[in-house]
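Colleague: I am new to this structure and would like a guided tour. Could you show it to me, please?

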Amino acid sequence: MFIDVKVDARTAGQPELVEKLVEVCPVGIFAQAEGGALKIVEENLDECVLCDLCIEAAPKGGVKVVKLYE
Ligand code: SF4
């Protein structure tokens with residue numbers, strides 16, 4: 001399965017939210033760049049287990065996990 005993770009600019013720009021995302025994702029899809037902004041670790045995207053922890057950690061609609069195809 002291939003997935004994409006979309007994070008809106010408001011969420012991605014808040015260092016404390018980004019920290020939370022880095023913490024909750026069990027497969028390391030989120031990382032924090034210097035300065036605190038969000039970085040998506042592209043090479044880990046296919047490890048996503050659809051646990052929804054990132055969606056729960058972000059404000060409503062802040063993070064979307066999109067299934068591209070199965
Ligand atoms: S659904 Fe789970 S595994 Fe997938 S990106 Fe979110 S926290 Fe990571």
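Modeller: This is a predicted model. A suitable starting point is Asp52, which is placed in the loop between β3 and α3.

Colleague: What is the phi of Asp52 near?

Modeller: Phi of Asp52 is near 70°, a positive value in a residue other than glycine. As general background, most residues other than glycine have a negative phi.

Colleague: And is Asp52 buried, partly exposed or exposed?

Modeller: Asp52 counts as partly exposed, because its relative accessibility is 36%.

Colleague: Which other residue has a positive phi although it is not a glycine?

Modeller: Leu50 does, with a phi of about 55°. Leu50 is also found in the loop between β3 and α3. Its relative accessibility is 32%, so Leu50 counts as partly exposed.

Colleague: Let us turn to the ligand. Which residues surround the ligand?

Modeller: Both of the residues just discussed, Leu50 and Asp52, are in the list. The others around the ligand are Cys25, Pro26, Val27, Ile29, Phe30, Cys48, Val49, Cys51 and Cys54.

Colleague: How does the shell around the ligand divide by class?

Modeller: The shell has 10 nonpolar residues, no polar residues and one charged residue.

Colleague: Where does the ligand sit?

Modeller: The ligand sits in the largest cavity.

Colleague: Please choose one residue of that shell and say more. Where is Ile29 found?

Modeller: Ile29, one of the residues surrounding the ligand, is found in the loop between α2 and β2. Ile29 is buried, because its relative accessible area is 2%, and the cut-off for buried is under 20%.

Colleague: What does Ile29 touch, not counting residues up to four places away in sequence?

Modeller: Ile29 touches Val5, Lys39, Ile40, Val41, Asn44, Leu45 and Cys48. Of these contacts of Ile29, Cys48 also belongs to the ligand's surroundings. As for Ile40, its C-alpha atom and that of Ile29 are separated by 5.8 Å, with the two residues 11 apart along the chain.

Colleague: Now the helices. Which residues of helix α2 are buried?

Modeller: In α2, which covers residues 15-24, the buried residues are Leu17, Val18 and Leu21. They lie on the same side of α2 because they cover an arc of only 100° around the axis.

Colleague: What about the other side of α2, buried or exposed?

Modeller: On that other side, Glu16 and Glu23 are exposed.

Colleague: What covers the buried residues of α2?

Modeller: The cover includes two helices, α1 (9-12) and α3 (53-57), along with the strands β2 (30-32), β3 (38-40) and β4 (63-69).

Colleague: Where in α1 could I look for such a contact?

Modeller: Thr11 is placed in helix α1. Leaving aside neighbours within four places in sequence, Thr11 is in contact with Leu17, Val18 and Leu21, and also with Ala58, Pro59 and Gly62. Thr11 counts as buried, because its relative accessibility is 1%.

Colleague: Next, the strands. What does Lys6 touch, not counting residues up to four places away in sequence?

Modeller: Lys6, which lies in strand β1 (residues 2-7), touches Gly62, Val63, Lys64 and Val66. The C-alpha atoms of Lys6 and Val65 are separated by 6.3 Å, although these residues are 59 apart along the chain. With a relative accessibility of 45%, Lys6 counts as partly exposed.

Colleague: Lys64 appears there. Which strand holds Lys64?

Modeller: Lys64 is found in strand β4. Leaving aside neighbours within four places in sequence, its contacts are Asp4, Val5 and Lys6. Lys64 counts as partly exposed, because its relative accessibility is 48%.

Colleague: How far is the C-alpha atom of Lys64 from that of Leu38?

Modeller: Those two C-alpha atoms are separated by 14 Å, and the residues are 26 apart along the chain.

Colleague: One last residue, Tyr69. Where is its place?

Modeller: Tyr69 is in strand β4 as well. Leaving aside neighbours within four places in sequence, Tyr69 is in contact with Met1 and Phe2. The C-alpha atoms of Tyr69 and Pro15 are separated by 31 Å, with their positions 54 residues apart along the chain as counted from one to the other.

Note on methods:
Residues are numbered from 1 along each chain as its sequence is written. This is a predicted model: local features need pLDDT of at least 70, side-chain atom pairs count only at pLDDT 80 or more; totals for chains, interfaces and linings use all residues. Side-chain values use heavy atoms; hydrogens and water are left out. A residue is near a molecule or strand if one of its heavy atoms lies within 4 Å of it. On a 1 Å grid over the protein atoms alone, a cavity is a set of points where a 1.4 Å probe fits but cannot get out, and a pocket is an open set with protein on both sides within 12 Å along at least five of seven lines; lining residues have an atom within 4 Å of a point. A molecule sits in a cavity or pocket if more than half of its atoms lie within 2 Å of its grid points. Ala, Val, Leu, Ile, Met, Phe, Trp, Tyr, Cys and Pro count as nonpolar, Asp, Glu, Lys and Arg as charged, and the others, Gly among them, as polar. Buried means under 20% relative accessible area, exposed over 50%, partly exposed in between (1.4 Å probe, protein chains only). Helices (H or I, at least four residues) and strands (E, at least two) are DSSP runs, numbered from the N terminus. The arc is that of the directions from the helix axis to the C-beta atoms. Contact means heavy atoms within 4.5 Å.
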